[in-house]
Number of protein chains: 2
Amino acid sequence: MNPRHFTFTAGDLGAWRIREIRTVKGDPLAPANRLQITNDIGTETGTWALHGVTSNERYVNQGEKDQLVARQEGLGRPIATHAALIPIRKTAGWWSLTQDRRREILEEQSGHIETGIRYLPAIARRLHHCRDLATEEPFDFLTWFEFSPADEPRFEELLGALRATREWDHVDREVDVRLTRID
Amino acid sequence: MNPRHFTFTAGDLGAWRIREIRTVKGDPLAPANRLQITNDIGTETGTWALHGVTSNERYVNQGEKDQLVARQEGLGRPIATHAALIPIRKTAGWWSLTQDRRREILEEQSGHIETGIRYLPAIARRLHHCRDLATEEPFDFLTWFEFSPADEPRFEELLGALRATREWDHVDREVDVRLTRID
């Protein structure tokens with residue numbers, strides 16, 4: 001098993017209570033009570049299960065990485081009892097663009113990396129890639145965010161900024177799952 | 001199943017006869033008679049099976065892509081009865097580099113894309129990514145090449161040029177499987 005592989009299973013198990021599932025664009029995800037995060041790839045019995053793999057940097061350059069590393073904090077902070085799982089899919093047109101064109105849209109036009117840096121360390125984040133798994137997945141990316149309840153308004157602001165960019169013209173499905181850690 | 005997923009199974013089945021397996025660096029692959037290429041992900045019964053997914057461009061820019069598209073030919077040409085499957089793995093150090101640093105080594109220092117273009121249309125090629133599958137794979141990339149028997153010396157020249165680059169300092173395992181199509 002790939003140790004960078006994660007499965008997010010919605011159902012009645014797991015350390016995170018699902019507060020709300022908002023459909024931002026495209027088909028919804030079915031309601032469920034809890035979310036379980038595991039590394040395995042076995043047969044899941046939940047309402048739905050999403051799979052993704054953490055990977056190497058696809059767009060970040062060395063100067064940006066230095067800023068990220070200096071400011072970011074890890075997952076699992078005691079104060080970060082709120083979370084969001086945001087699965088998105090991008091268009092076939094996006095994926096047919098060459099690397100330089102995607103970087104141009106993502107950062108030079110949309111400031112995706114720069115915007116994310118402004119919300120560090122409050123918003124911690126882990127990105128999972130789904131598109132190159134052997135199984136056909138309903139989304140291309142699963143981003144997992146953790147923050148304190150007091151920072152949730154700032155998280156909304158971050159999402160609003162990203163969703164208003166040119167990059168988001170290339171997003172054709174997005175669901176926003178909000179969660180609270182069960183102590 | 002992801003339609004971009006391919007399995008290369010070595011054993012006694014398949015449309016390609018294995019002529020030779022050369023260990024270039026690191027552990028070898030076991031000898032076998034034939035190679036079968038399928039899209040499925042089921043339980044393979046061969047001597048070994050390698051898995052990979054074709055994906056979006058990771059380094060090629062739009063100008064380079066225009067040259068590639070203008071010159072390249074597809075797989076399955078009747079004259080292309082010889083083939084090579086070259087699985088490689090890159091170091092952990094390579095994967096920790098940011099996108100700009102990897103592009104700098106791959107193209108500005110090593111001319112990987114430019115060199116490949118010089119051997120078009122003689123050498124047709126399909127790249128498969130293995131590193132972000134849910135299963136842990138022994139290689140990061142599987143490249144499949146097809147060419148006519150008369151072009152095999154030019155293919156050797158291409159490999160020699162690539163293996164002499166700075167990029168190849170970051171390759172820690174490489175096997176070179178040579179094949180002939182069974183008519």
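This report looks at how chain A and chain B sit together in a predicted model.

## Two copies and an axis

Start with the symmetry. Turn chain A by 180°, shift it 0.0 Å along the axis, and it can be laid on chain B with an RMSD of 0.0 Å. The two copies are therefore related as by a two-fold rotation axis. Both copies also use the same surface for their contact: 100% of the contact residues of chain A recur in chain B.

Want a landmark for that axis? Look for L133(A): of the residues of chain A, its C-alpha comes closest, at 2.4 Å.

## Where the chains meet

Now for the contact itself. Chain A puts in 30 residues, and chain B puts in 30 residues too. Between them, the chains bury an area of about 2,600 Å². Carbon and sulfur atoms give 45% of that area.

Which residues of chain A lose the most area to chain B? They are N56(A), D132(A) and A134(A), and together they make up 22% of what that side buries.

## Salt bridges, polar contacts and helices

Charged side chains pair up across the interface of chain A and chain B, where there are 4 salt bridges. To see a salt bridge for yourself, find R4(A) and D132(B): their closest N and O atoms are 3.0 Å apart. There are also 24 residue pairs in polar contact across this interface, counting pairs with both residues at pLDDT 80 or more.

On the chain A side, the elements giving two or more residues to the surface that touches chain B are α1 (62-71), α2 (92-96) and α3 (99-109). The biggest giver is α3(A), with 4 residues.

## What about the cysteines?

A disulfide is a covalent bond between the sulfur atoms of two cysteines. How many disulfides are there over all chains? The count comes to 0.

Why does C130(A) not form one? The closest cysteine sulfur to its own is in C130(B), 18 Å away, and that is too far for a bond, because the two sulfur atoms would have to be within 2.5 Å. Seen from the other chain, the story reads alike: the sulfur of C130(B) has its closest cysteine sulfur in C130(A), at 18 Å, so a bond is out of reach.

Are these cysteines buried or exposed? C130(A) is buried, with a relative accessible area of 2%, and C130(B) is buried as well, with a relative accessible area of 2%.

Methods. Residues numbered from 1 in each chain as written. Chains lettered and ligands numbered in written order. Predicted model: local features only at pLDDT ≥ 70, side-chain atom pairs only at ≥ 80, totals over all residues. Heavy atoms only, no water. Least-squares fit on C-alpha atoms with pLDDT ≥ 70 in both. Contact = heavy atoms within 4.5 Å. Buried < 20%, exposed > 50% of the residue type's maximum accessible area, 1.4 Å probe, protein only. Buried area = accessible area lost by both parts, 1.4 Å probe. Polar contact = N/O pair within 3.5 Å; in protein donor to acceptor, adjacent residues only side chain to side chain.
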